[in-house]
Amino acid sequence: MDIRRLTDRLGGLAYGGDYNPEQWDDEVWKEDDQLMRRARVNLATVGVFSWALLEPEEGRYDFGWLDAHLDRLHTNGVAVDLATPTASPPPWFTLAHPDALPVRPDGARLTHGSRDTYCLTAPAYRRAARRIATALAERYGDHPALALWHVHNEYVTLCPCDHTAAAFRVWLRARHGSLDALNEAWGTAFWSQHYTSWEQILPPRATQWHHNPGQTLDFSRFWSDETLAAYREQRDAIRAHSDRPVTTNLMVPSYQNLDLWAFGREVDLVSIDHYPGAPGVDAAAQAAFDADRARSFAGGCPWLLMEQGTNTVYTGDRVLAKEPGDILRHSLAHIARGSEGALFFQWRQSRAGAEQWHSAMVPHAGPDSRTFREVTATGEAVARLGELAGSTARAGVAVLHDSDAWWAMGADGLPSAELDYFAALRRAHRALWDAGRTVDFAHPAHDLSRYELVLAPALFLLTDAGAENLRRYVADGGTLLVQHFSGVVDERLHSRLGGYPAAPLREALGIRVEEYRPLRRDERITLSDGSTATSWSESLRTEGAEALAAYTHGMLTGSPALTRHAFGSGHGWYLSTRLDDAGYAALVQRLLTEAGAAPELPGLPPGVEAVTRHAPDGRAWHVLINHLSEPVPLPRPGHDLLTDGPLIELSPGGCAVLRAR
């Protein structure tokens, strides 16, 4: 199923968000109809948190209220993304099935009163989820308002309960085949952990000190597979009664419970939720990071921004408001990178409940507000971009992204707490974003031949096949940067013996790492080229590579820190420390230049974001976002779809979408 079916149904790109009419009354519904028309809303996500109203007691459904709202939305020209409400079981369910409530690692069982109070592996929960998905599909599978199905909401909840333990053991039998193989994989000869029956094996729970790293890695793999199985059950129940596309909104935050590559292969279209964790230009960079990930998980195809905060920036202990113009800028940042629209959570800000302070398209202040005026302006802008439907962005550079490597780097007992997979991934992307490049994410096993440059910022875990694929990429003419502590363990988390990284990658890099030497928390060192580094260092020797910078610090004085190796038709680079931001940016720019990776639209200064969407028929559009406080002349004037007129200059903070051809 193609996302183009959705945009054809909508007559252009999607615009709207989560709609919870059950929170309001007839007077507000009438205003909603009028305001949605004003804001150019054409898609509303309905029913995400409505289980208690849809099924007030087990097996008895009340669909009358939902019938009325779907009919009303359809009459008002708004299509529906209908959700299964399984992220929030009703109180009657948890009282009837207390064993389906989630358990913490310390064994404490939680109660209802919040969202996500379920254990994904509990048989009663899975039956109930399939049952309500089936009931919804039977009733609404061909409803004229229905454009899209939305399974669940943000699969993120973990649970190590006894149901999970039983399912985990089934998964382990299938993966390892025998206890002998499992004991070997997990290295259970250490700390007297040898298992003599399957029943002895538990999920990672609260324990005395470090967990077995093989156990935690396998549990992460299992949980992702189990979650995907739960999604498939609902998806298949829906498909039995409806031909509309099916998706689930994926979370793309700094934690990783799912193999998002695997989910990308199973959904009819990839959709994500994005909430920035910093204001200003950092929020823009984060939007680009998550949008590039979404497009990559979609195999380069168009995808959909399912949720964003209208006026929400999360910064730890407080929630900040967005700056004027950010609603449009953030929406266009996602659309530039392949999203077929921009949706929000939620349409109208709740007046009560746990998320009453979460921003919305219609805030508490109502339509006479800056937020709603910006929402309306953004809706009008998105409505002018219908010709972009079906196109997507392309990239000539890539960052390697592997769920196994991410999970592995979360294991207990690593030599430094500053080994942060997500931070390394985002830092690599940010350096490329600052340099004006559109970025793909790729798995180490993917075909990398179309990329001029590949960055591998945190490949702690690397399979033999992945190492050979990277060796072949360099030999065939690619430019590869591998960063410290990469390729040091295999897929079982067994250390590579004989020097790091894995042998095929060592060959491409022309180096051999003998010893890792983490730096003290506040320690800063200077390399021979004048650059500054922190956090980490390694003792390595060159085996064909050229040393471009050396350590000037302690026992490593004179030892290579940055190397380059001509191998086959390409070059393998190795960085054995963590450069400061300026040094890392300079290195990435050097790599881009030497690899011949040109910017999307040459001639624009740093601070102006430019991404090109390409259509299968050869048409293309430049999406431009000016993050500077001064106007910027365009290298080539063009016709701006947002104003339907010629454009020669981008205003401060301004946006444009230009026909490229």
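These are my notebook entries on the pockets, cavities, one helix pair and two sheets of a predicted model.

**Entry 1: the largest pocket**

I started with the open space. The largest pocket holds about 720 Å³. I pulled up its lining and got 27 residues. Nearest the centre of the pocket lie Gln23, Phe49, Ser88, Arg115 and Ala354. Which helix gives the most to this lining? It is H3, residues 51-54, with three residues. I also sorted the lining by residue class: 11 are nonpolar, 12 polar and four charged.

**Entry 2: the cavities**

Next I looked for enclosed space. How many cavities of 30 Å³ or more turn up in the whole structure? The search finds three.

I took the largest cavity, which has about 70 Å³ of space. Its lining starts with Tyr155 and Val156, then picks up Met251, Pro253, Tyr255, Gln256, Asn257, Leu258 and Leu260. By class I get seven nonpolar residues, two polar and no charged for this lining. Gln256 and Asn257 are the polar pair, because Gln and Asn are neither in the nonpolar list nor in the charged one.

The second largest cavity comes to about 40 Å³. I noted Tyr118, Leu120, Tyr155, Val156, Thr157, Trp223, Thr227, Asn257 and Leu258 around it. This lining divides into six nonpolar and three polar residues, again with no charged ones. Tyr155, Val156, Asn257 and Leu258 turn up in the linings of both the largest and the second largest cavity.

**Entry 3: H7 against H9**

Then I went to a helix pair. H7 covers residues 162-176 and H9 covers residues 213-239. Their axes come within 10 Å and cross at roughly 100°. Angles of 65 to 115 degrees count as roughly perpendicular, so that is how H7 and H9 sit relative to each other.

Which residues meet there? On the H7 side I listed Thr164, Ala167, Phe168, Trp171, Leu172, Arg175 and His176. On the H9 side they meet Gln215, Asp218, Phe219, Arg221, Phe222, Trp223, Asp225 and Glu226. The contact divides into seven nonpolar, three polar and five charged residues. Trp223 was already in my notes, as part of the lining of the second largest cavity.

**Entry 4: the seven-stranded sheet**

I moved on to the strands. Seven of them form an open sheet with mixed pairing, and I wrote the order down as S14-S13-S15-S16-S23-S22-S21. Which strands are at the edges? They are S14 (439-442) and S21 (546-550), each pairing on one side only. From one strand to the next the twist averages 20°.

I checked one pairing inside this sheet. S22 (residues 560-567) and S23 (residues 570-575) run antiparallel and are joined by six bridges. For a register check I used Ala566, which stands opposite His571 in S23.

**Entry 5: the three-stranded sheet**

The last stop was an open sheet of three strands, in the order S18-S19-S24, with antiparallel pairing. Its edges are S18 (524-526) and S24 (578-579), and each of them pairs on one side only. How many bridges link S18 to S19? I found three, in the antiparallel sense, with S19 covering residues 532-534. Here the register check was Ile525, which stands opposite Ala533 in S19.

Notes:
Residues numbered from 1 in each chain as written. Predicted model: local features only at pLDDT ≥ 70, side-chain atom pairs only at ≥ 80, totals over all residues. Heavy atoms only, no water. 1 Å grid on protein atoms, 1.4 Å probe; cavity = no way out; pocket = protein on both sides within 12 Å on 5 of 7 lines; lining within 4 Å. Points joined across faces, edges and corners; volume = space filled by probe spheres on them. Axes fitted to C-alpha atoms, helices over the stretch in contact; angles between N-to-C directions. Helix = DSSP H or I, 4+ residues; strand = E, 2+ residues; numbered from the N terminus. Parallel < 35°, antiparallel > 145°, perpendicular 65-115°, else oblique. Contact = heavy atoms within 4.5 Å. Pairing = 2+ DSSP bridges.
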